[in-house]
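Reader: Could you pick one residue in this model and take me through its surroundings, then follow the strands outward from there? I'd like the cut-offs as you go.

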Amino acid sequence: LVRRSIEQRELLVVEYRILHPDGSIRWIMARGRPYYNPERLMGLSSDITQRKAMQLQLSESRTLLSSLIDSTSDMIWSVDAERFGLLTFNRSLYEYFLNQRGIRIEAGMRPEDLFPTEEFVQKWRMFYHRALEEGSFTAEYLVYAGTRTLRLSLNRLERDGIVFGVSVFGKDIT
């Protein structure tokens, strides 16, 4: 990689691990810039083992959380606080929209993208605004396709005192 960086006159950015004689593993990030006359690479290497361990823990937590959320038949999703675009959603919500409405939902979709009538768009906007203004509440809701009734549980999402969205849990009570 160093040779290629010098030959192709590119910056070097690489992460790699090293194995110590005692069996411990350390992660290193190396960054370098090629110089010429004479050819050489000047750079810096940093131990990023702690960051790598945190990334692994975060990845494992996300995998566990996704597995738990996708294992329920309840619909679970979250939206941002400004446009009410989807942030996250579970398999049950995805399958409802695909099978009942023929819509492949994806992150960023807003109520206007999900419902064909202004009545349902406004109903969802009202739910989200209420959660943002008042906090947690529950309500019963007949889904657009008319095939089931959900007990909705809406909650304000906050991080460090700043509201960034709304989470929704929809339990089928048909």
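Author: A polar contact here is a pair of N or O atoms within 3.5 Å; within protein, one must be able to donate a hydrogen and the other to accept it, and residues adjacent in sequence count only if both atoms are side-chain atoms. Keep in mind that the model is predicted, so local features need pLDDT of at least 70 and side-chain atom pairs pLDDT 80 or more, while totals for chains, interfaces and linings use all residues. Numbering starts from 1 along each chain as its sequence is written, and side-chain values use heavy atoms, with hydrogens and water left out.

Let's go for D80, in strand β4 (residues 75-80); strands are DSSP runs of E, at least two residues, numbered from the N terminus. D80 is buried (under 20% relative accessible area, 1.4 Å probe, protein chains only). Even so, D80 has no salt bridge (a side-chain nitrogen of Lys or Arg within 4 Å of a carboxyl oxygen of Asp or Glu). R83 has the nearest side chain of opposite charge, 4.8 Å away, with Lys and Arg counted as positive, Asp and Glu as negative, and His and the chain ends not counted.

What the D80 side chain does reach is backbone: the nitrogen of R83 at 2.6 Å and that of G85 at 2.9 Å. Skip the neighbours within four places in sequence, and D80 is in contact with G85, L87, F164 and G165 (heavy atoms within 4.5 Å).

From here, turn to strand β8 (residues 162-172), which runs antiparallel to β7 and is joined to β7 by 10 bridges; two strands pair if DSSP finds at least two bridges between them. One of the matches puts L150 opposite its bridge partner D172 in β8. The β7-β8 hairpin has two residues between the strands, and D160 takes a positive phi near 55° there.

Strand β7 (residues 149-159) also runs antiparallel to strand β6 (residues 137-142), with six bridges joining them. There, T138 has S153 in β7 as its bridge partner. Six residues lie between the strands of the β6-β7 hairpin, and G146 in that hairpin has a positive phi near 75°.

For another sheet to look at, try the open one of three strands, ordered β1-β2-β3 with antiparallel pairing. β1 (12-19) and β3 (40-47) are the edge strands with a single partner each, so one side of each has no neighbour in the sheet. Eight bridges join β1 to strand β2 (residues 25-35), and R17 sits opposite W27 in β2.

Conventions:
Helices (H or I, at least four residues) and strands (E, at least two) are DSSP runs, numbered from the N terminus. Buried means under 20% relative accessible area, exposed over 50%, partly exposed in between (1.4 Å probe, protein chains only).
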